[in-house]
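Notebook open, model loaded. I want to go through the strands, the cores, the metal site and a pocket, and jot down what I find.

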Amino acid sequence: MRLSQFHLRTSKETPADAEIASHRLMLKAGMIRKLAAGLYTWSPLGLRVLRKVERVVREEMNAAGAIELLMPSIQPRELWEETGRWEKFGGQLLKIKDRKEAEYAYGPTHEEVITDFARAELASYKQLPVTYYQIQTKFRDEIRPRFGVMRAREFLMKDAYSFHLTDEDLAREYRNMYDAYGRIFTRLGLKFRAVFADTGAIGGSASHEFHVLADSGEDAIAFSSATDYAANVELAEALAPGKRAAATETMRRIDTPTQKTCEDVAALMGIELARTVKSIALMGVDAENNPQFVLALVRGDHVANEIKLAKLPGLAEYRLATEAEILEHLGSEPGFLGPVGVKPSVQVVADRAVAAMVDFVVGANERGAHLAGVNWGRDLPEPVLVADLRNVVEGDPSPDGHGTLGIARGIEVGHVFQLGRKYAQAMGCTVLDETGKAATPAMGCYGIGVSRIVAAAIEQNHDANGILWPESMAPWRAAVCVINPKNDAGVAEAAEALYRELNAAGIETVLDDRGLRPGVMFGDIELIGIPHRIVVSERGLAAGTFEYRHRAAAEAEQLSRADVIARLQATQPA
Ligand code: ATP
Ligand code: MG
């Protein structure tokens, strides 16, 4: 490609509404243009990168034995009624009507459509196992589309679905897809982590998310310093600390007229936040399904975890207690709550860390007062219910028993999921098994955010001057830049010859023949992230060399033609 004949439109201006580097750089490099909230046009430059990602994904899916098909993005309401998701999917589902007033959804995902395909196309166990995939446009009416294509409303996803006679076979294919995902992100040159995920809402047995590590990531990931254990912070288990020490203080009342938070109380007393206990008033149900008031206790410096709370008996659908309920059960008001002296009808649940505390500080259930020097078994009964109620923090022991946890931020670029028989059952999808009986197949689903990967890669690979593409994603691997081609026919010819030779050697190369000033030309080539730059100038030609510079290198080097080609061949991606 010659840049003089390409559509390249970079911009010097920093876009005002772009909060993160990838969004900023994709706009400045002219890779995308916003049409409306969460809707983007991929420019010719952006599309080249998107197609690179797509290619790697497609090759690895094919190599893993998945078969490509293509499903419609518009899906009839009736299918979604069969699984109950027409209502349950919520506001992300864009509902539309045709001229006959028939209702449709713009597909946010394709479990319903693939299951409909399977129930029509799969008749016998002999057709199983099978994994179908597509690379296709999805629409999700995100509440807060942001960060450009990172969280768009319309985006490109690779979604795959597998069908199995047995759970064991589903587990085998799940592993196969998990491994293929590892190869995809490795080939794309990304630093990533496979992370245990919560299977909560969709309801399945096993799930992993693949995260590209980047400070701007929306998710927090806990990972072991010693092993490849990694989990979403929300899901990682906080292990019980060691044995409780002996009490040293006596319980005393502290005046806290305006101090309603653990932070304020700790500051007033001049103690560490970790000596205080937060009391969270909740409403759940008891064994007979009657309303149950619950006081959940977590250490002042810890954060209570909603998913873990909801796993406790009676709290599956808990809510925060109202001020009236708090007054009724504790005779006090928020800001001064605590577990000392509460009625037996109040159920106290203590986080594991709280259960191991001594000489701690809690609210006194009296306006303007806290209690210090509180100890279990003496000032209040030993906690009956002790559980893991909090988010893990940096330095906690790793739940797999090896090393300590670090916390990193990640961008979810892929998700693999053992769905089980939920969709097949709901939609009456069966095949005949070996004995001729109808059997409901188990399903897996496997997604990759193809367009999000482009943004995630930039988050990991950029500097002050622009993008620095991994070799496998670059719009072109090399740029041949011509200095003053109009003044010197020899330079133009030499550049042209090198450009042809590189492309002939299988090195995707662009010729910058726009005749721009060197500074402007180099600025563009850096901004759009071409990994290798070769400058052809009169001076170099006289010396028989080309000026070569890797995008990440501080200095340029003078190389012979053969050395330039050797360099580029040595870094050729798979
Ligand atoms: P998120 O938690 O980021 O909203 P999700 O868990 O809802 O994503 P999945 O249903 O697992 O997403 O979809 C598969 C993949 O599609 C995700 O791993 C992600 O890479 C990508 N994806 C999901 N939503 C978006 C979006 N709004 N914009 C771009 N990519 C997305
Ligand atoms: Mg997901």
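I began with the sheet pairing: strand 5 (residues 94–97) runs antiparallel to strand 6, with four bridges between them. A reminder to myself that this is a predicted model.

I checked the link between these two strands. Strand 5 and strand 6 make a hairpin with five residues in between, and E101 in the turn shows a positive phi of about 70°.

Next I looked up the other partner of strand 6. Strand 4 (residues 74–76) pairs with strand 6 (residues 103–106), again in the antiparallel sense, over three bridges. Which residues stand opposite Y104? I found I96 opposite Y104, and P76 stands opposite Y104 as well.

**Cores**

I moved on to the largest nonpolar core, which has 70 residues. M31, F185 and W469 are the ones that touch the most other members. Helix 6 (residues 167–187) is the top contributor to this core, giving eight residues.

I then listed what M31 touches, leaving out neighbours within four places in sequence. Its contacts include M26, T41, W42, L45 and V49, and from much further along the numbering I noted V454, I458, I467 and W469.

There is also a second, separate core of 25 residues. Among its members I wrote down M71, W86, Y161 and F417.

**Metal site**

What coordinates the magnesium ion (ligand 2)? I get E412 through OE and H415 through ND1, at 2.2 to 2.3 Å. Is E412 buried or exposed, or in between? E412 counts as partly exposed because its relative accessibility is 23%, and the buried class needs under 20%.

**Second largest pocket**

I looked at the second largest pocket, which holds about 360 Å³ of space. The lining comes to 22 residues, and K260, K278, S279, P334 and G335 are the closest to the pocket centre.

Which elements supply at least two residues of this lining? I have helix 7 (262–269), strand 14 (277–285) and strand 18 (360–363) on the list. Strand 14 gives the most, with five residues.

**A63**

Last entry: I looked up A63, which is in helix 2 (residues 44–63). A63 counts as exposed because its relative accessibility is 62%, and the cut-off for exposed is over 50%. I also checked A63 against A180: the two are 117 residues apart along the chain, yet their C-alpha atoms are separated by 8.4 Å.

Definitions and conventions. Residues are numbered from 1 along each chain as its sequence is written. Chains are lettered from A and ligands numbered from 1 in the order in which they are written. This is a predicted model: local features need pLDDT of at least 70, side-chain atom pairs count only at pLDDT 80 or more; totals for chains, interfaces and linings use all residues. Side-chain values use heavy atoms; hydrogens and water are left out. A nonpolar core is a set of buried Ala, Val, Leu, Ile, Met, Phe, Trp, Tyr and Cys residues joined through side-chain atoms within 4.5 Å. Buried means under 20% relative accessible area, exposed over 50%, partly exposed in between (1.4 Å probe, protein chains only). Contact means heavy atoms within 4.5 Å. Two strands pair if DSSP finds at least two bridges between them. Donors are N, O and S atoms within 2.8 Å of the metal (3.2 Å for Na, K and Ca); water is not among the atoms, so sites may look incomplete. On a 1 Å grid over the protein atoms alone, a cavity is a set of points where a 1.4 Å probe fits but cannot get out, and a pocket is an open set with protein on both sides within 12 Å along at least five of seven lines; lining residues have an atom within 4 Å of a point. Grid points are joined across faces, edges and corners, and a volume is the space filled by probe spheres set on the points.
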